[in-house]
Amino acid sequence: MKRPNSKIPELALSLPTMGWLVVLFIIPTIVILLIAFRTGDPYGGIGDQWTVENFSELANPVYRGIMVRTVVLSVLTTAICLVLGVPAGYCLARAEKKKRDFLLLLIIVPFWINFLIRIFAWKVVLHPEGIVKNFLLLIGIVNDQTLLLYRPGTVLLVMVYSYIPFAVLPIYAAAEKFDFSLLDAAHDLGANWYRAFYRVFLPGIRQGILTAILVVFIPALGSYVIPDIVGGPGGEMIGNKIAQKTFIDRHLPHASVLSSLLVLAVMIPMTASLFMKRRKTVGRGIIPG
Amino acid sequence: MGDFLVFEGISKSFGELKVLDNVSLSIEKGTIFSILGPSGCGKTTLLRICAGFEYPDRGRVILDGKDITSDRPNRRRVNTVFQNYSLFPHMTVRENISFGLQMAGFDRSRISGEVDRYLELIQMSDQADKKATKLSGGQMQRVAIARALINKPQVLLLDEPLAALDLKLRQRMLVELDWIHDEVGITFLYVTHDQGEAMSISDHIAVMNKGRIEQQGTPVQVYEAPTNSFVAAFIGDTNFFETEITSIEDSYCRMNIKDFADGVIVYNDKNFPQGSRVYLSIRPEKFVISHAEPESHRKRNMVRGVVEEIIYMGTHTVFWVRVGDYRIQVRQSHDRFLLDEKIIEHGNTVCISWHADNCYILDRYDERDESLLTLPDDDVTVAPENIISAGK
Ligand SMILES: Nc1ncnc2c1ncn2[C@@H]1O[C@H](COP(=O)(O)OP(=O)(O)O)[C@@H](O)[C@H]1O
Ligand SMILES: [Mg+2]
């Protein structure tokens, strides 16, 4: 057998990935962008004229609130997932093997149940006659009128629930490779627990955290099933509007305009993180803080 | 005197495994104190107890008169150079070295000045902005030392600091470490499994085995007067003889060794009584080997044997001489080697002799320690670095 030729240019090796990206990501995105500039037709299809008219749809004040809510909920989801995910990853990585495998299993197990069913389960749990409501009533935190469902907070709760495994796993993977004797070294040099964590552990699992941010924030922005089921009108996100434009209003160009907005919202943090990485590698010679 | 850092009856177990068993040590201020022992004997655990990463089940650690046994690591004026250096990989050399001072809350300009001084001390001023991961082994080692020393600890703990370096670099770093020690005057607690390292750098050595201190003393003491078979075999090389004391003559005693025709006379500093069955340790270089019978002397022992193997090593020659069941290792350095007509050859019958003061009766003997000895069948010769330059 011949050994693979190391002279194969990098480009050739990355071709399959590139092809995948182009066919399944870049082309659809461009198509959506193009549709955003077409007129609609009365049957829900795409018209045959170019127009910028569709973008006036964005002037509708309804979107401003929804867009703000979408971004705020996604940022909060990501933040909460990190705040819970980093200690979880730390504990997992430090746990002994048997316990760790069991805990990892616990994280994976919910995936064996259909996503939709899990979301509906929340609806049952938080139902006005449900167990949580009754308990909270009992201890007097809420009154009879309080709704646990159909509020932005509910959407946030269920989003955190749904996305947290995606945050924990990459953080755990990074923490598992982390050399914990570095924390001993930090303590040895006078760092208390908090400073060792902040100055040594967090930078050590930086890559895991960045991955966690991407895999939580991006899907969170595009959420539509969760707000649809537990959000109600007060918890709507941009994904719901896109679905509404597509399936109910049957106006694809308008849906495309909203989608473009979403793509933009995803691209901004991604380019920002790329840019930050670039600046880091350019080199620094000064002691930070 | 001698009690700047004190370990008092330290015991520590991990589950069923007893790692440290009643370890007591007392370390003098400003010295280099080595803990020497085979890997797995509990050296790192003892250091970790001193640094505060582990707490002993029993016993106390006292530093400069204060009991620090249960202090947090960051509260102790002790710093560690870790076995694998543990430099912070995301930081530069400068950031690594300044970490301790930052934690102590010094202001920037003060830190920067200090760091410059220590960069100079380790001769790495030109590498200050390199990432820690981009350094060579020797450089990492130096950064780890500077990072610890800059905090002006009362004791610097070094856990096998040279183990990861190649031989040449190890020898250079050893000299450098000694130099740094003279420069800063801080007490060093140095852990190693390498006897050559321990011998050459230490003022004081504690030899450790299976969680216990076997013997402590100056390098000369532990080499020249080992008290038990482990120390005798672990440091340098030796020959063991099973004997019985037949008579006492002042501070000397006469003993029988099986297969030795005449009794031998040995310095009996520990006053073993007549009739004791004891083991004797004689280092290979203490013998004199010759064709002719040496002049007899009241305190000189002599035995005849047959040369079975000769290994020429440049600085000396190792002879394996058969006397009955014993195969005795003899090391002889050369004097007018090529001019000497009577070169000893394979199969010759020779006389080996030694002085009564040049052998030691062991307090304790364990057959298992024989595995530490070089045997004639190991064709690997005794490496030259095992030749000990006792003391500093
Ligand atoms: N945290 C720990 N848990 C369990 N066993 C340990 C732990 N640390 C060390 N040991 C065991 O204790 C013994 C001594 O270890 P160590 O102090 O590292 O020896 P050395 O540094 O002399 O090689 C070894 O058998 C090791 O496996
Ligand atoms: Mg060790």
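## Two chains and a ligand: a quick briefing

V184(B) comes out as partly exposed, with a relative accessibility of 26%, because the cut-offs put buried under 20% and exposed over 50%. Bear in mind that this is a predicted model. V184(B) belongs to helix α5 of chain B, which covers residues 167-184. From there, the briefing goes through the two chains, the ligand site and a handful of single residues.

**Chain A overall**

- Chain A has 12 helices and two strands.
- Starting at the N terminus, the order of elements is α-β-β-α-α-α-α-α-α-α-α-α-α-α, with both strands sitting right after the opening helix.
- Its C-alpha atoms take up a box of roughly 70 × 70 × 50 Å along the principal axes.
- Chain A has 289 residues, and 37% of them count as buried.

**Two bent helices in chain A**

- What span should helix α2 of chain A have, and does the model agree or disagree? Its 34 residues (61-94) should cover 50 Å at 1.5 Å a residue, and the C-alpha atoms at its ends are 50 Å apart, so the two agree.
- That helix does have a kink: α2(A) turns by about 25° at G85(A). The proline P87(A) comes shortly after that point.
- Helix α6 of chain A (residues 152-177) gets the same check. With 26 residues it should span 38 Å, and its end C-alpha atoms lie 37 Å apart, which agrees.
- α6(A) bends too, by about 45° at Y163(A). Here again a proline turns up: P165(A) follows within four residues.

**T29(A), a threonine inside a helix**

- T29(A) is part of helix α1 of chain A, residues 10-35.
- T29(A) is buried, because its relative accessible area is 17% and the cut-off for buried is under 20%.
- What does the side chain of T29(A) reach? It gets to the backbone oxygen of F25(A), at 2.6 Å.
- An α-helix has 3.6 residues a turn, so residues three or four places apart point the same way.

**Chain B overall**

- Chain B mixes eight helices with 20 strands.
- Along the principal axes, its C-alpha atoms fill a box of roughly 75 × 50 × 35 Å.
- Of the 392 residues in chain B, 53% are buried.

**The ligand 1 site**

- Which residues surround ligand 1? They are F14(B), L17(B), V19(B), P38(B), S39(B), G40(B), C41(B), G42(B), K43(B), T44(B) and T45(B).
- By type, this shell has five nonpolar residues, five polar ones and one charged.
- Two elements of chain B, β2 (17-27) and α1 (43-51), each bring at least two residues to the shell. The biggest giver is α1(B), with three residues.
- On the backbone side, a polar atom of G40(B) lies 2.6 Å from an oxygen atom of ligand 1.
- Two side chains join in: an N or O atom of T44(B) is 2.5 Å from a ligand 1 oxygen, and an N or O atom of T45(B) is also 2.5 Å from a ligand 1 oxygen.
- Taken on its own, ligand 1 has 560 Å² of accessible area, and the protein covers 59% of that.

**Two positive phi values in chain B**

- Most residues other than glycine have a negative phi.
- K210(B) has a positive phi, near 45°. It lies in the loop between β9 (204-209) and β10 (212-217) of chain B.
- K210(B) is exposed, because its relative accessible area is 54% and exposed means over 50%.
- D250(B) also has a positive phi, near 55°. Its loop runs between β11 (239-249) and β12 (252-257) of chain B.
- Is D250(B) buried or exposed? At 75% relative accessibility, D250(B) counts as exposed.

**Separated in sequence: two C-alpha pairs in chain B**

- V184(B), from the opening, pairs up with K152(B): they are 32 residues apart along the chain, and their C-alpha atoms are 8.6 Å apart.
- S125(B) and R94(B) sit 31 residues apart along the chain, with 9.0 Å between their C-alpha atoms.
- S125(B) is found in the loop between α3 (108-121) and α4 (137-149) of chain B. S125(B) is partly exposed, with a relative accessible area of 39%.

How values were computed. Residues are numbered from 1 along each chain as its sequence is written. Chains are lettered from A and ligands numbered from 1 in the order in which they are written. This is a predicted model: local features need pLDDT of at least 70, side-chain atom pairs count only at pLDDT 80 or more; totals for chains, interfaces and linings use all residues. Side-chain values use heavy atoms; hydrogens and water are left out. The expected span of a helix is 1.5 Å times one less than its number of residues. The bend at a residue is the angle between axes fitted to the seven residues ending there and the seven starting there. A residue is near a molecule or strand if one of its heavy atoms lies within 4 Å of it. A polar contact is a pair of N or O atoms within 3.5 Å; within protein, one must be able to donate a hydrogen and the other to accept it, and residues adjacent in sequence count only if both atoms are side-chain atoms. Accessible areas come from the Shrake-Rupley method with a 1.4 Å probe; for residues, only the protein chains shown count as cover. Ala, Val, Leu, Ile, Met, Phe, Trp, Tyr, Cys and Pro count as nonpolar, Asp, Glu, Lys and Arg as charged, and the others, Gly among them, as polar. Buried means under 20% relative accessible area, exposed over 50%, partly exposed in between (1.4 Å probe, protein chains only).
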